[in-house]
Amino acid sequence: MSQVIQYINAPTLIPPRGHYSHCVNSNGFVFISGQLPIDSTGQAKTKDPFKTQTELVLQNIDACLSAANITKANLVQVRVYIADMNDWQEFNQIYAAWIGDFRPARAVAGVAELHFNAALEIEATAVLG
């Protein structure tokens, strides 16, 4: 049985600079690549405050969801990588306001370093329909 794989790039985000897509749709799932605090012009906003970086990353996740024609209601898992776990409480408050009443499974991992020296990176999995 042949599987259909659809590669999706959000038109409001800078095209991927590497060998990946913003999202991949396969077998009823949408896999969203790790999103960093990079604006639509490709500028890494990693010197901005944690709150600003977090809001930008979540906007990028929203752009990916939109490009896949789904919403936060379709999220089944969110994985968060934070460079400084002292930012956890602030992240959780921003995330709670963004996610609303939806409760996808979530993992939060403290990491030593992220690309561009970002404060956080988020990847996610959603379902279609």
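Colleague: How far apart do the centres of the positive and negative side chains of the protein lie?

Modeller: This is a predicted model, in which local features need pLDDT of at least 70 and side-chain atom pairs count only at pLDDT 80 or more, while totals for chains, interfaces and linings use all residues. Residues are numbered from 1 along each chain as its sequence is written, and side-chain values use heavy atoms, leaving out hydrogens and water. Lys and Arg count as positive, Asp and Glu as negative, with His and the chain ends not counted; each charge is placed at NZ of Lys, CZ of Arg, CG of Asp or CD of Glu. The protein has 8 positive and 11 negative side chains, and the separation of the two centres is 3 Å.

Colleague: In what pattern do the helices and strands follow along the sequence?

Modeller: Both kinds of element are DSSP runs numbered from the N terminus, helices being H or I of at least four residues and strands E of at least two. The protein has 2 helices and 6 strands. Their order along the sequence is β-β-β-α-β-α-β-β.

Colleague: What radius of gyration does the protein have, against that of a compact globule?

Modeller: The radius is taken over C-alpha atoms, and the globule rule is 2.2 Å times the number of residues to the power 0.38. For 129 residues the rule gives a value near 14 Å, and the protein agrees because its own radius of gyration is 14 Å.

Colleague: Which element supplies the largest share of the largest nonpolar core?

Modeller: Such a core is a set of buried Ala, Val, Leu, Ile, Met, Phe, Trp, Tyr and Cys residues joined through side-chain atoms within 4.5 Å. Here it has 29 residues, of which Ile32, Leu75, Phe91, Leu120 and Ile122 touch the most other members. At least two residues each come from S3 (29-35), H1 (50-67), S4 (75-82), H2 (88-99) and S6 (120-127). The largest share, 7 residues, is from H1.

Colleague: Is Asn25 buried or exposed?

Modeller: Asn25 belongs to strand S2 (residues 23-26). Buried means under 20% relative accessible area, exposed over 50%, and partly exposed in between (1.4 Å probe, protein chains only). Asn25 has 13% relative accessibility and therefore counts as buried.

Colleague: Which residues is Met85 in contact with, leaving aside neighbours within four places in sequence?

Modeller: Met85 sits in the loop between S4 and H2, and at 40% relative accessibility Met85 counts as partly exposed. Contact means heavy atoms within 4.5 Å. With those neighbours left aside, the contacts of Met85 are Val108, Ala109 and Gly110.
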